[in-house]
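User: Please take me through the protein-protein interface and the DNA contacts of the complex shown here, with the reasoning behind each answer.

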2 protein chains.
Amino acid sequence: MSATIKDVALLAGVSTTTVSHVLNKTRFVAKATQERVLQAAEELNYAPSAVARSLKVKNTKSLGMLVTTTLNPFFAELVNEVEKCCYREGYNLVLCNTDGELEKTNSYLRMLTQKRVDGILVMCSAYDDSLFSSLIGQRNLPMVVMDWGPSDDYVDRIQDNSVKGAHLAIQHLIEQGHKRIAYIGGPLEKLPAKQRLDGFIEAMEQANLGVQDDWVIESDFEFEGGKLGMRQLLSCANLPSAVFIGNDAMAMGAMSEAQLSGIKIPQQLSVIGYDNCLYSAYFSPPLTTINQPKEQLAELAISTMIERIENPRQEGRMIMLEPNLVVRSSVAAVLTR
Amino acid sequence: MSATIKDVALLAGVSTTTVSHVLNKTRFVAKATQERVLQAAEELNYAPSAVARSLKVKNTKSLGMLVTTTLNPFFAELVNEVEKCCYREGYNLVLCNTDGELEKTNSYLRMLTQKRVDGILVMCSAYDDSLFSSLIGQRNLPMVVMDWGPSDDYVDRIQDNSVKGAHLAIQHLIEQGHKRIAYIGGPLEKLPAKQRLDGFIEAMEQANLGVQDDWVIESDFEFEGGKLGMRQLLSCANLPSAVFIGNDAMAMGAMSEAQLSGIKIPQQLSVIGYDNCLYSAYFSPPLTTINQPKEQLAELAISTMIERIENPRQEGRMIMLEPNLVVRSSVAAVLTR
DNA sequence: ACGTCTTTGATAGTCGCAGACAAACTTATA
DNA sequence: TATAAGTTTGTCTGCGACTATCAAAGACGT
């Protein structure tokens, strides 16, 4: 099949050791020899086998990433950032969509350990006991969890501080004069969804505003879920003046539904989202939302990962990321009358 | 570090051969022995090293996917489908975003060959000579190209028939009574962009409709590009009654911009997109667009890939996919007066 | 008791590369 | 001239799994 180091050595008239050394620059080799080797390699179109190399050096320079689904733009953007960091650091990224299925997750976990990836990034956002137990089975494998935490000292965690994000959103609405605020959120078994709800309630209470029961709606973080959530909200006897929606995808679905019902945004209904995905600047009207620092998140995840790969014997760390408000045009000021 | 086959053999009191055989079911082994082995493996949390295995069996059960950027929802959806197929077939997917940079592309190509992936899926859509020459350097590696074709008999190609898609779009507009039709497309060095433009012009000519020069705009397939394209279109002296936009991302940007300028869609301006991304059903109004059969595309790519892996010595094939029209609400009928 | 089958297990070589150890050769120094 | 020191390159083993080839043990017939 493809040429091996032996072929190169033969052609260059040196030992395989020498070839290995010039290719990896791992010891001095006379200029002339070096050139002979390089030329032989070139001539044979030689590509060193990373699999043989990995067997020897015990690392693969690849990372696995477990993510619910990249169909969600937020995850897609995050994966994109992660991939960028990986590339920069010389790693490959093995993409694993779990689709929220335990079986797929376990299967991938098995594949990844067999493939001897150097580490696993987890972004599944469900704090699910069964997943947790699958994970701890791999405890020897460096792992950083990006949105929920098995409370365990062996993995690093990065949290997005969704409670704060929700506060920011509600504060903004309140500052714009809103008092009647609804919430459409994600499934509560996902930590960010839960935190955003908690933050919403907390913020409302702090402002002495009531939260009406049928104004808090649990949905699924998807486009369609937003649409359905809005439909449900619109069926309420009285309507809020603003909605805080748990992520931008749902915000899109919700706005579409509301506008289809003839509701003007933001004049009749203000909307604020969460995530600040790329496309939220192109909604009609452009979406005011809470920004998650995705680049920073990816950056941190990878640097933490690499640090842990190089030094596995440290205790799990927990890093908190700060969200911030991005004002666009989907929130209107309420006229005080 | 982690347990090896030897450890398992030792614990089970058998030879490594036996362990290998029971794990791979490659020869009959007494039930009792089998169970001892399995139990030992379990006890040691044994995960066979795929890297050692790969070295011997000469395949890695992983595929590389070269894609411009998964930031574009169309690619994201496609990657998602591809990943699904890979999983089903027992392959891992190594995600490689090229960002359209030749250097990154080459670097990834090198990494992938070194990692000895079993094949490479290419979805870069630029028919760029330099990429082409990088690719043919890897001619021994199974490859399927999903949206443009190095005219070469060594790779398989899947084409989306964008010319036809453009025809479908324009036909639909014409049927709805439109005669004054503009076009905002992608960069012409990308084959689909070129084909969609060609199809647009062809369809217009067949209908004896003129295409006004400043109504065909070349942009970049991104959200912002759509916005800019629309801005440019709106600055024309006279406006069309409909726009065909080269992909859904640009359609989103364009619609946002138009609506910000107070133009009612579809009443004052009809819009038709291309790709039928998940989110296009949630535009305001929901986008009429040309559907690309993404699942089928992924399916075909993977099955073609696997076939070629199993039988590398066949000549390159070319498969054509058929787009279809999805009618939603962004195109209005023109009243004949 | 011996040979022949059948069933099951062991030995050793292989994949391609890295690196510890050491050899060969050159030059400087006593 | 012998020896030390330095420079450059080579030999050989092992990473962890697979697998071809052998070998042992038991069943069976004669």
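Analyst: This is a predicted model. As a starting point, the rule finds two salt bridges across the interface of chain A and chain B.

User: Which residue of chain A meets Lys104(B) in a salt bridge?

Analyst: A salt bridge requires a side-chain nitrogen of Lys or Arg within 4 Å of a carboxyl oxygen of Asp or Glu. For Lys104(B) the N to O distance is 3.4 Å, and the partner side chain is that of Glu83(A).

User: How much area do chain A and chain B bury between them?

Analyst: The contact involves 60 residues of chain A and 60 residues of chain B, with 30 residue pairs in polar contact where both are at pLDDT 80 or more. The side of chain A that touches chain B divides into 29 nonpolar, 21 polar and 10 charged residues. Carbon and sulfur atoms carry 59% of the buried area, which comes to about 5,100 Å².

User: Which residue has a side-chain N or O atom 2.4 Å from a phosphate oxygen of DNA strand D?

Analyst: Sugar and phosphate account for 57% of the atoms of DNA strand D that come within 4 Å of the protein. Ser20(B) places a side-chain N or O atom 3.1 Å from a phosphate oxygen, whereas Thr17(B) has a polar side-chain atom 3.5 Å from a base oxygen. The phosphate oxygen at 2.4 Å is paired with the side chain of Thr33(A).

User: Which element gives the most to the surface near DNA strand D?

Analyst: That surface divides into 11 nonpolar, 10 polar and six charged residues. Helix 2 and helix 4 of chain A, together with helix 2 and helix 4 of chain B, each give two or more residues. With five residues, the element that gives the most is helix 4 of chain B.

Terms used
Residues are numbered from 1 along each chain as its sequence is written. Chains are lettered from A and ligands numbered from 1 in the order in which they are written. This is a predicted model: local features need pLDDT of at least 70, side-chain atom pairs count only at pLDDT 80 or more; totals for chains, interfaces and linings use all residues. Side-chain values use heavy atoms; hydrogens and water are left out. Contact means heavy atoms within 4.5 Å. Buried area is the accessible area (1.4 Å probe) that two parts lose on being put together, summed over both. A polar contact is a pair of N or O atoms within 3.5 Å; within protein, one must be able to donate a hydrogen and the other to accept it, and residues adjacent in sequence count only if both atoms are side-chain atoms. Ala, Val, Leu, Ile, Met, Phe, Trp, Tyr, Cys and Pro count as nonpolar, Asp, Glu, Lys and Arg as charged, and the others, Gly among them, as polar. A residue is near a molecule or strand if one of its heavy atoms lies within 4 Å of it. Helices (H or I, at least four residues) and strands (E, at least two) are DSSP runs, numbered from the N terminus.
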